[in-house]
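Hi,

Here is the structure I promised to pass on to you. Have a look at it first, and then read on for my notes on one part of it.

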Amino acid sequence: MIICTKFKGDLMFITSLSSKTTLEKLKSDFKLINCYFERFPDGEGYVRFDEKVKKIKEILIVQSLYYPQDEHIMQLFFMIDALRDLNIKIDLLIPYMAYARQDKRFKDWESVSGISLAKMINQFEIERKYTVDIHNINVTKAMKGENLSAMPLIADYLTDLKLKEPVIVSPDKGSIERAKIVANHMDAEFDYLEKTRITGDTVEIKPKEINTKNRDVAIVDDIISTGGTMAKACEVLKREGTLKVLSGATHLLMISNAEEKLNMAGIDRIFGTDSIPSKFSDISIANIIKELY
Ligand code: R5P
């Protein structure tokens with residue numbers, strides 16, 4: 001794992017990233033130093049910064065909390081605490097926030113893990129906290145942070161693909177705002193898939209307003225996890241006579257056979273950011289970081 005530093009005026013920033021693409025893109029602005037994450041034989045984690053850290057006054061930590069989530073969370077806590085011991089002021093960017101989908105109590109007596117994690121982060125003295133395309137803004141609010149969006153970067157990516165009369169589609173009404181941002185950036189149309197119950201055991205899913213026949217569609221969401229949501233959406237769109245169906249999200253968890261499921265559904269392309277590195281993470285979050293500082 002690498003730490004980058006950047007001098008801007010009299011400030012210095014550090015980022016800790018596991019995405020090689022984003023690190024490469026930041027290299028021109030950021031000076032790299034090392035931070036070591038190791039494991040003791042009993043499984044406990046260990047964090048040590050390069051001694052160059054002693055010159056630092058203010059930093060930005062970028063730590064994405066994907067699998068193994070709990071390990072990444074502990075690394076983050078150890079980093080923050082060690083840096084605070086050195087009296088370094090910290091900004092924190094969490095590209096993928098773990099547990100954000102457990103944002104409320106769905107069943108009695110269960111933990112609201114997303115909010116619990118936010119509260120834990122709040123125990124540390126941190127100047128500014130950022131998330132990216134958080135599943136539920138309540139989690140960002142609970143950590144007194146600001147949520148940033150990768151949707152403009154997704155729009156740039158899709159624009160370069162020169163799609164045919166593209167329609168940006170949200171897989172459900174809840175994610176419509178994201179589709180809208182992408183569409184507005186591309187000067188394209190947007191829609192969402194609506195579920196209508198026809199009989200007790202039949203539901204019909206189709207685009208709410210727009211006929212996508214002979215047009216290309218990009219479905220955008222915050223997360224692709226098992227791929228179930230996207231696969232279903234793709235099948236519906238293909239039935240409607242849509243040409244290409246592209247499926248993308250900010251956070252590509254791509255659990256177990258998600259890729260296979262999407263391929264079986266006829267998806268023409270999978271895309272997303274490197275908030276979670278994967279073979280489909282073609283969009284670097286470097287620009288979000290560059291714009292922040
Ligand atoms: C759910 O509300 C999220 O926005 C995503 O649609 C969901 O996490 C995707 O999960 P999966 O890929 O397992 O269908």
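A good place to start is the right-handed β-α-β unit made by β12, α7 and β13. Please keep in mind that this is a predicted model.

Let's take the strands of that unit. β12 covers residues 217-224, and 8 of its 8 residues are buried, so this strand is largely enclosed by the rest of the structure. β12 and β13 (residues 245-252) run parallel and are joined by 7 bridges. If you would like a pair to look up, I219 has S247 of β13 as its bridge partner.

β12 also pairs with strand β9 (residues 167-170): 3 bridges join the two, and they run parallel as well. Here you can look for V167, whose bridge partner in β12 is V217.

Now to the helix of the unit. How do α7 and α8 pack? Helix α7 spans residues 228-239 and helix α8 spans residues 258-265; the angle between them is about 5 degrees, and their axes lie 8 Å apart. An angle under 35 degrees counts as roughly parallel, and α7 and α8 are therefore roughly parallel to each other. On the α7 side, the contact is made by G228, M230, A231, C234, E235 and K238, while α8 brings in K261, L262 and A265. Sorted by class, this contact has 5 nonpolar, 3 charged and 1 polar residues.

Enjoy exploring it, and write back whenever you like.

Best wishes

Note on methods:
Residues numbered from 1 in each chain as written. Predicted model: local features only at pLDDT ≥ 70, side-chain atom pairs only at ≥ 80, totals over all residues. Heavy atoms only, no water. Axes fitted to C-alpha atoms, helices over the stretch in contact; angles between N-to-C directions. Helix = DSSP H or I, 4+ residues; strand = E, 2+ residues; numbered from the N terminus. Parallel < 35°, antiparallel > 145°, perpendicular 65-115°, else oblique. Contact = heavy atoms within 4.5 Å. Nonpolar A, V, L, I, M, F, W, Y, C, P; charged D, E, K, R; others polar. Buried < 20%, exposed > 50% of the residue type's maximum accessible area, 1.4 Å probe, protein only. Pairing = 2+ DSSP bridges. Right-handed = clockwise from strand over helix to strand, strands pointing away.
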